[in-house]
Amino acid sequence: MARKSLGGLSGIAQTIANSSPQAKDRTPKPSAPALGALQGSLSAIRELDPALIDDWGPQDRLDGFTAVNSDEEGDGFDALKTSIESEGQQVPVLVRKAQADGRYEIIYGRRRLRACRDLGIKVRANVQDLDDATALLAKGLENAARRNLSFYEKARFAAVIQQAGHDTKTVRQVLGLSASGLSHLTKVTDNVPEAVGDQIGAAPKSGRPKWTALADAFLAKKANALTCTKILTGLDGGMTSDERLERLLKEISRRGARAGESREVTPAPGVTIKSSRATIAMSVKRTGDSAAFAQWLDRELEGIIQKSYQEFTAVNPADHPNDKSNKGG
């Protein structure tokens with residue numbers, strides 16, 4: 001009955017209901033709401049004590065729920081709280097009755113709920129009787145209408161929906177994603193540890209390229225959770241989440257080059273030394289300021305290398321190819 005009441009969206013609702021392993025834990029009621037009711041019917045709007053409302057379902061926002069948030073994210077919440085304080089709560093949150101008597105579960109509107117808690121006022125809530133499948137659909141529809149989740153928030157939201165047992169088709173329909181779009185999100189959550197993502201934050205201005213670059217760094221073993229945590233912990237606490245992500249990527253790149261992927265230095269005018277895992281090569285320009293040095297080095301280089309090699313093997317005999325003192329006989 002709940003699926004039929006969603007009209008043109010019944011295909012999406014049915015997919016969610018059929019794929020939800022938790023749907024049987026909460027029996028759908030015949031009076032499940034139509035989409036219009038999800039947006040708020042006057043008869044269902046009540047003023048509730050925020051202390052009676054518990055969390056539910058996958059968290060779709062990092063804002064307010066991670067240890068570190070950017071200035072911009074904080075300003076956004078402060079503006080919301082100021083607006084509610086001066087003009088009242090214009091848009092109700094959506095809740096359903098919890099299993100425990102007298103308590104409710106928040107479906108969407110966590111930031112509005114938090115603002116009312118901080119202000120010490122009751123929250124205007126649209127109370128509906130929703131099964132898990134319909135609640136998840138309502139949450140996804142509200143997100144789609146709002147369209148202000150960052151790339152990383154979408155990635156984390158999609159991951160939690162999948163972890164709850166829903167298939168990829170369901171995730172795509174709830175978040176309005178193409179197959180490739182979901183693949184990009186999954187690449188990030190599969191490879192970037194949640195602890196690192198929590199330290200970075202929502203990064204609202206950072207899209208797929210930067211988060212994919214971070215995922216690629218983990219895939220290529222150029223980054224690990226411990227190193228990234230140390231880098232992020234050492235950053236200025238006043239940095240925004242976008243700045244933290246940018247700085248982390250730069251530090252990973254710098255450390256990767258220093259670790260020996262490739263290195264190029266100029267120790268003297270006209271002299272270039274290139275070092276990689278396979279070879280060390282030096283070039284000296286025979287013209288300009290380095291012309292005289294190049295001519296001298298051409299004569300002396302063989303002797304310099306021989307002398308240096310003799311000094312090296314004198315203190316590292318095991319590395320001499322002709323040394324047999326360490327071989328069994």
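## Exercises on salt bridges, helices and a surface patch

Arg96 and Asp132 pair up in a salt bridge, and their closest N and O atoms are 2.8 Å apart. The pair ties together parts that are 36 residues apart in sequence, because Arg96 lies in strand β3 (residues 93-97) and Asp132 in helix α5 (residues 132-146). Keep in mind that this is a predicted model. Let's work from this pair outwards.

**Exercise 1.** Decide whether Arg96 is buried or exposed, do the same for Asp132, and find the network that they belong to.

*Solution.*
- Step 1: Recall that buried means under 20% relative accessible area.
- Step 2: Arg96 has 3%, so this residue is buried.
- Step 3: Asp132 has 9% and therefore also counts as buried.
- Step 4: Look for shared partners: salt bridges join Arg96, Glu105 and Asp132 into one network.

**Exercise 2.** Describe the salt bridge between Glu194 and Arg156, and say which parts of the chain the pair ties together.

*Solution.*
- Step 1: The N to O distance between the two side chains is 3.8 Å, and the cut-off for a salt bridge is 4 Å.
- Step 2: Glu194 lies in helix α9 (residues 194-200) and Arg156 in helix α6, so parts 38 residues apart in sequence are tied together.
- Step 3: Glu194, at 41% relative accessibility, counts as partly exposed, whereas Arg156, at 13%, counts as buried.

**Exercise 3.** Now place the salt bridge between Arg286 and Asp298 in the chain, and state how accessible the two residues are.

*Solution.*
- Step 1: The closest N and O atoms of Arg286 and Asp298 are 3.1 Å apart.
- Step 2: Arg286 sits in the loop between β8 (280-284) and α13, and Asp298 in helix α13, twelve residues away.
- Step 3: Both Arg286 and Asp298 are exposed.

**Exercise 4.** How do the axes of α6 (residues 151-163) and α7 (residues 168-175) cross?

*Solution.*
- Step 1: The axes come within 9 Å and cross at roughly 140°.
- Step 2: Angles over 145 degrees would count as roughly antiparallel, and α6 and α7 are therefore oblique to each other.
- Step 3: The α6 and α7 crossing is right-handed.

**Exercise 5.** Which helix gives the most to the nonpolar surface patch?

*Solution.*
- Step 1: The members of the patch are Met282, Phe293, Trp296, Leu301, Ile304 and Ile305, with about 520 Å² of accessible area together.
- Step 2: Helix α13 (residues 291-315) gives the most, with five residues.
- Step 3: Trp296 has its place in helix α13 and, at 37% relative accessibility, counts as partly exposed.

Conventions:
Residues numbered from 1 in each chain as written. Predicted model: local features only at pLDDT ≥ 70, side-chain atom pairs only at ≥ 80, totals over all residues. Heavy atoms only, no water. Patch = residues over 30% accessible without salt bridge, like charges linked within 9 Å, V, L, I, M, F, W, Y side chains within 5 Å. Areas by Shrake-Rupley, 256 points an atom, 1.4 Å probe, with all protein chains shown as cover. Helix = DSSP H or I, 4+ residues; strand = E, 2+ residues; numbered from the N terminus. Buried < 20%, exposed > 50% of the residue type's maximum accessible area, 1.4 Å probe, protein only. Axes fitted to C-alpha atoms, helices over the stretch in contact; angles between N-to-C directions. Parallel < 35°, antiparallel > 145°, perpendicular 65-115°, else oblique. Left-handed = near helix turned anticlockwise from the far one by under 90°.
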